[in-house]
Amino acid sequence: MSNFHDLIVRRHSIRRYTDEPISADDVTTILQAALMAPSSKRTMPWEFLLIEDKEKLQELSKCREMGTLPLANCSLAIFVMANPEITDAWIEDASIAAAYMQLQAEDLGLGSCWVQIRNRYTADGESAQDFISGIVSLPPEQMILCAITLGHKAEERKPFDLEKLKWEKVHIAK
């Protein structure tokens with residue numbers, strides 16, 4: 001990485017991946033980033049479930065009615081979970097860890113995509129949480145926020161055009 005600004009200008013959600021596996025060293029580096037993420041009162045409520053079995057990923061991609069193509073096509077999905085009983089800031093804490101993973105993946109030249117799980121439903125109306133738990137047998141206290149899909153990019157996206165930033169969204173003192 002040359003600098004953080006370049007990294008965030010380059011990073012986009014990638015939904016198509018090659019079949020090339022992710023190296024164990026890269027997976028370790030991505031997990032280190034997540035485990036170093038800040039959390040409320042340093043409670044570290046998050047836990048991470050890694051799935052790389054292609055058949056299981058295909059099955060898990062049915063956890064939502066739509067928007068799960070990255071799950072079906074990735075080399076690795078990391079389900080980001082937390083126990084809400086540990087902290088009321090579990091969503092924020094898990095979100096930061098997930099974002100750190102995505103930034104680390106981009107720094108390694110890998111693609112990633114956030115697939116929302118919390119408050120999402122299958123085509124039959126079952127909660128995505130219950131659907132996934134039925135497949136991987138999660139403890140009931142673990143709530144899934146999202147899945148971060150990872151893989152070698154099979155698509156390239158243009159960097160953000162800084163001229164198109166929406167500065168009208170920034171408010172100073174009022």
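**Surface patch, salt bridges and buried contacts in a predicted model**

Phe-160, Leu-162, Leu-165, Trp-167, Val-170 and Ile-172 together form a nonpolar surface patch of about 660 Å². Patches consist of residues with over 30% relative accessible area and no salt bridge, with like charges joined within 9 Å and nonpolar side chains (Val, Leu, Ile, Met, Phe, Trp, Tyr) within 5 Å. Accessible areas were obtained by the Shrake-Rupley method with a 1.4 Å probe, and for residues only the protein chains shown count as cover. The model is predicted: local features require pLDDT of at least 70, side-chain atom pairs count only at pLDDT 80 or more, and totals for chains, interfaces and linings use all residues. Residues are numbered from 1 along each chain as its sequence is written, and side-chain values use heavy atoms, with hydrogens and water left out.

Within the patch, Leu-162 is located in the segment after β4 (143–151). Helices (H or I, at least four residues) and strands (E, at least two) are DSSP runs numbered from the N terminus. Leu-162 is partly exposed, its relative accessible area being 41%; the term covers values between buried (under 20% relative accessible area) and exposed (over 50%), for a 1.4 Å probe and protein chains only.

Side chains of opposite charge can pair when their charged atoms come close. With a salt bridge defined as a side-chain nitrogen of Lys or Arg within 4 Å of a carboxyl oxygen of Asp or Glu, three salt bridges are counted. In one of them, Arg-10 pairs with Glu-106, with 3.4 Å between the closest N and O atoms. This pair connects distant parts of the chain, since Arg-10 belongs to helix α1 (residues 4–10) and Glu-106 to helix α5 (residues 90–107), 96 residues apart. Arg-10 is partly exposed at 34% relative accessible area, whereas Glu-106 is buried at 5%.

Glu-106 also forms a salt bridge with Lys-153, where the closest N and O atoms are 3.1 Å apart. Here too distant parts of the chain are linked, with Glu-106 in helix α5 and Lys-153 in the segment after β4, 47 residues apart. Arg-10, Glu-106 and Lys-153 are thus joined in a network of salt bridges.

A further salt bridge is made by Glu-155 and Arg-16, whose closest N and O atoms lie 3.5 Å apart. Because Glu-155 lies in the segment after β4 and Arg-16 in the loop between α1 and α2 (24–35), the pair ties together parts that are 139 residues apart in sequence. Glu-155 counts as buried, with 18% relative accessibility, while Arg-16 is partly exposed at 46% relative accessible area.

In helix α6 (residues 128–136), the buried residues are Ala-128, Gln-129, Phe-131, Ile-132, Ile-135 and Val-136. Viewed down the axis of α6, these buried residues fall within an arc of 165°, so they line one face of the helix; the arc is that of the directions from the helix axis to the C-beta atoms. The buried residues of α6 pack against β1 (46–51), α3 (54–60), β2 (76–82) and β4. Ser-137, just after α6, adopts a positive phi of about 55°.

The loop between β3 and α6 contains Thr-122, which is buried with a relative accessible area of 7%. Leaving out residues up to four places away in sequence, Thr-122 touches Lys-62, Cys-63, Arg-64, Glu-65 and Phe-131, contact being defined as heavy atoms within 4.5 Å. Glu-126 is placed in the loop between β3 and α6 and is partly exposed at 35% relative accessible area. With residues up to four places away in sequence again excluded, Glu-126 touches Arg-120, Tyr-121 and Phe-131. The side chain of Glu-126 reaches the backbone nitrogen of Phe-131 at 3.5 Å. Although Glu-126 and Glu-65 are 61 residues apart in sequence, their C-alpha atoms are 9.9 Å apart in space.

Ser-112 occupies strand β3 (residues 111–116) and is buried, with 2% relative accessible area. The side chains of Ser-112 and Gln-102 make a polar contact at 3.1 Å. A polar contact is a pair of N or O atoms within 3.5 Å; within protein, one must be able to donate a hydrogen and the other to accept it, and residues adjacent in sequence count only if both atoms are side-chain atoms. Beyond its neighbours within four places in sequence, Ser-112 is in contact with residues including Arg-11, His-12, Tyr-17, Ala-105 and Ile-148.
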